[in-house]
Amino acid sequence: MKHIFIIILLSACVTTAGAAERMAVLDLKPVGVDKNLAMAVSENLRTMIIQGGSFEIVERSQINKLLEEYRLMQTGVTEDSQAQKIGSLANVDLVLIGSLNQIFEVYTINARILKVETGVVMKALKSEIKSPGDFPRKIDELALLIGTPVNSQPQMSITPALDICGSYRTKGDK
């Protein structure tokens, strides 16, 4: 009897230790782009994160109910503190927030993963899309990076140089 209790206790610990973190993936905020495009990119990103299997994702309709309750549906969640509140109400560990914007011909997806318990941004990612045909591949790559543990993130080989004035220099500038 004593051995059975220990086996049950150990199996419960193993099950709990291997449980995936629960994440809410909020819609990307459109900045200078069509709202429907931002929603489509958000939905594709959400699907790819689910397929990656690193997180348990709370269904969008559940998140939308909470947003409606707190009248954030129209304005969107724009601040980390709002995301943290929604995350705690949705009973999730992490919240992914971000934006889809366009500067000239380049689209950019900015994504931040916020730890609900502490309000700390655990990871910030950016993906630049130079051609509309690149959206599916870039969304897949971003979802893969989202599912990668922070300490094993691949390092970028090219880092823009920042001069004293705070503007970016390109290679060859002096």
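Colleague: Which side chain meets Glu 56 in a salt bridge?

Modeller: This is a predicted model, so local features need pLDDT of at least 70 and side-chain atom pairs count only at pLDDT 80 or more, while totals for chains, interfaces and linings use all residues. Residues are numbered from 1 along each chain as its sequence is written, and side-chain values use heavy atoms, with hydrogens and water left out. A salt bridge here is a side-chain nitrogen of Lys or Arg within 4 Å of a carboxyl oxygen of Asp or Glu. At 3.6 Å, N to O, the partner of Glu 56 is Arg 22.

Colleague: How many residues apart in sequence are the parts that Glu 56 and Arg 22 tie together?

Modeller: Strands are DSSP runs of E, at least two residues, and helices are runs of H or I, at least four, both numbered from the N terminus. Glu 56 sits in strand β3 (residues 55-57) and Arg 22 in strand β1 (residues 21-25), so the parts they tie together are apart by 34 residues.

Colleague: Is Arg 46 buried or exposed?

Modeller: Arg 46 pairs with Asp 27 in a salt bridge, their closest N and O atoms being 2.9 Å apart. Arg 46 belongs to helix α2 (residues 35-52) and Asp 27 to the loop between β1 and β2 (29-31), so this pair ties together parts 19 residues apart in sequence. Buried means under 20% relative accessible area, exposed over 50%, and partly exposed in between (1.4 Å probe, protein chains only). Asp 27 counts as partly exposed at 28%; with a relative accessible area of 3%, Arg 46 is buried.

Colleague: Which residues are joined into one network by salt bridges that share partners?

Modeller: Start with Glu 141 and Arg 137, whose closest N and O atoms are 3.0 Å apart in a salt bridge. Both lie in helix α5 (residues 135-146), four residues apart, about one turn of the helix. Through shared salt-bridge partners, the network takes in Asp 134, Arg 137, Lys 138 and Glu 141.

Colleague: And Asn 101, which residues is it in contact with, leaving aside neighbours within four places in sequence?

Modeller: Asn 101 is placed in strand β4 (residues 94-103). Its relative accessible area is 12%, so Asn 101 is buried. Taking contact as heavy atoms within 4.5 Å, and leaving aside those sequence neighbours, the list for Asn 101 is Val 31, Val 33, Val 106, Tyr 107, Thr 108 and Asn 110.

Colleague: How many salt bridges does the structure hold?

Modeller: We've covered Glu 56 with Arg 22, Arg 46 with Asp 27 and Glu 141 with Arg 137. For the structure, the number of salt bridges is eight.
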